[in-house]
2 protein chains.
Amino acid sequence: MTSETPRSEPVSAVGEFGLIERLARRLRPPDQDVVVGIGDDAAVVRLGRGRHLLATCDVQVAGVHFLANRVDPFALGRRCAAVNLSDIAAMGGRPTHFLVSLGLPPETPVAFVERLYEGLAQEAARFGADVVGGNVSRSPVLFIDLTLLGEAGDQVLRRSGARPGDRVLVTGRLGASAAGLAVLAQPGLEASEDDRARVLEAHLTPTPRLLEAGAIVATGGATAMLDVSDGLAQDLGHLCDESGVGVRVWAGSLPVDEATRRVARAAGRDPLEWAVGGGEDYELLFTARPEAVEALIAAVGRAAGTPVSVIGEILPAERGRWLVLPDGREVALGVRGWSHF
Amino acid sequence: MTSETPRSEPVSAVGEFGLIERLARRLRPPDQDVVVGIGDDAAVVRLGRGRHLLATCDVQVAGVHFLANRVDPFALGRRCAAVNLSDIAAMGGRPTHFLVSLGLPPETPVAFVERLYEGLAQEAARFGADVVGGNVSRSPVLFIDLTLLGEAGDQVLRRSGARPGDRVLVTGRLGASAAGLAVLAQPGLEASEDDRARVLEAHLTPTPRLLEAGAIVATGGATAMLDVSDGLAQDLGHLCDESGVGVRVWAGSLPVDEATRRVARAAGRDPLEWAVGGGEDYELLFTARPEAVEALIAAVGRAAGTPVSVIGEILPAERGRWLVLPDGREVALGVRGWSHF
């Protein structure tokens, strides 16, 4: 922006992932101890024999990710923690320590920040993590930027391990977070108290799938994993990009619960659109050899009681990326996930 | 801010450190492997025999820490890295890996972000660190939040180790960063090109004292350490609080260079005020037994060529905190450092 800065297009024109790619090109290759750098859910650094350090960060900004004057600070704290915990789950790791960086307008009530911290600390404690440091700064806009460290043993699940013939699996339910967002955006929406509570919880305080991830890693049967944050279509795109493969997803097999279907009907929307394109479900999306599927489903059920659905299959890259609609038509699986710009 | 949030005073009324204290009270005690939690320059986690993981974070916000339309993005990137590197130096550690969280208004030029990243990566590489991950998000205000990981051996230098009779030492020069800020704030200030360049460099691209920290740790003679970020008075206050001691500082011994003195004269200010109350010098402030002083000064000189000044002595807590002025009067050493709210 000074006179030396070359004029260039704005970041909104290249998008979140275009920008990350351009920035990553400016970095020297990471040190030898870095097993996974930019481009996965968390960085992975070798600590010693069979031991890895994980690190991830994620920020929530007022006016972008939440409305400061309408959000419950305790729930916001829980959500901020959960989003980062989900990234550690996605690598098959165990969360350990949070650093909390807060940007606060000077007029922010102290009680708001205290409740936010309580929510954050409670969600961290639920999964065995604590807060070891951080930073507060004045800022014109409220933001909460968390860094979460974690540990993993020998097996770290990356996005790049999927191979043709693998099945595609997902934990829990898809689209409920998008339904919750619709309920927030349209307070007059016709929906029962129960449905409303169910989808709002999915949106506001998602449960990070750490128990499930632990069970998935323990079976040794998964080949790749990430969490559904940008939306199924976009996150599957990341997995296909990193693994160098194609995919076929069966729309009829996508797990969409009844509450989400009813809210979609009331909003005049197709629940499939939310399941494929809606983001922030924070479910685990993973791949496995067909012969490992049954044991994976059983292990997750035993460990956490969470359903696992088989929703598609990995293809060679040249076969493309497809969504098989309930009526049998195949449509190209486009990037309809949530983009930050 | 919702109806459940109790009304309370704003964060500006309790200040940065008051807020941190209140938030820390809301946390459960950290895990056993946490050697240092909230309240030092970096968190310290035990990794195994004689091996510690360090973690710190620091954010720079447009309009608070810099002006986005006037700053050189490359220098800003260097500075952001340096501020975090200085925190690892202050613990006596070795920096390893950065995570970079960017909040970007959609209209930010891509070239600005690229230059910022280049500056950051260059400063990181200079001290053997790399960038392993991060996050970009849309934000109404530009911010750069960095987390830096590091390693330390057996010896971690905390703020809490100072004992009565110890000497107080500081690397390099004080007040130059405040002088640089004055030059930025008053472009018409009468100062030579050389003086201007010297103090602007101190303010815009401070050098993290990692070489010096390595030498200090290696001697084994230091008892406590932190970096001068909030200002000498305030940072000495932190050291006294954490160590449970008092202090006497000799104003005549504070290292203030000629460029800073000349800029202060032109601005009609007392350079001592900048040396005591100005922040962001990013020098190392440490304590040592008198018999270790000579070896420490020699070790830092050999390792980095940086001067070290003996600027005071540690007293029992009940003797208070004093500044001995050049004319021999003793004045109470107040908190005149830089507060974030």
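Where is the place of A:N135 in chain A? I looked this up first: A:N135 sits in strand 5 of chain A, residues 130–138. Strands here are DSSP runs (E, at least two residues), as helices are (H or I, at least four), numbered from the N terminus.

Ground rules, noted early: this is a predicted model, where local features need pLDDT of at least 70, side-chain atom pairs count only at pLDDT 80 or more, and totals for chains, interfaces and linings use all residues. Residues are numbered from 1 along each chain as its sequence is written, chains are lettered from A and ligands numbered from 1 in the order written, and side-chain values use heavy atoms, without hydrogens and water.

Why I looked here: the unreviewed UniProt entry annotates A:D58 and A:N135 as "binding site". Such annotations, given in the numbering used here with shortened feature names, may be inferred rather than shown by experiment.

I found A:D58 in strand 3 of chain A, residues 51–61. A:D58 counts as buried at 17% relative accessibility, and A:N135 is buried too, at 14% (buried is under 20% relative accessible area, exposed over 50%, partly exposed in between; 1.4 Å probe, protein chains only).

Next I checked contacts (heavy atoms within 4.5 Å), skipping residues up to four places away in sequence. A:D58 touches A:V83, A:N84, A:I144, A:D145, A:L146 and B:N135. A:N135 touches A:V100, A:S101, A:L102, B:C57, B:D58 and B:V59.

Last, the pair of chains. I noted that a 180° rotation with 0.0 Å of shift along its axis superposes chain A on chain B, RMSD 0.0 Å, so the copies are related as by a two-fold rotation axis. The fit is least squares on C-alpha atoms of residues with pLDDT of at least 70 in both. The copies meet through the same surface, because 100% of the interface residues of chain A are also interface residues in chain B.
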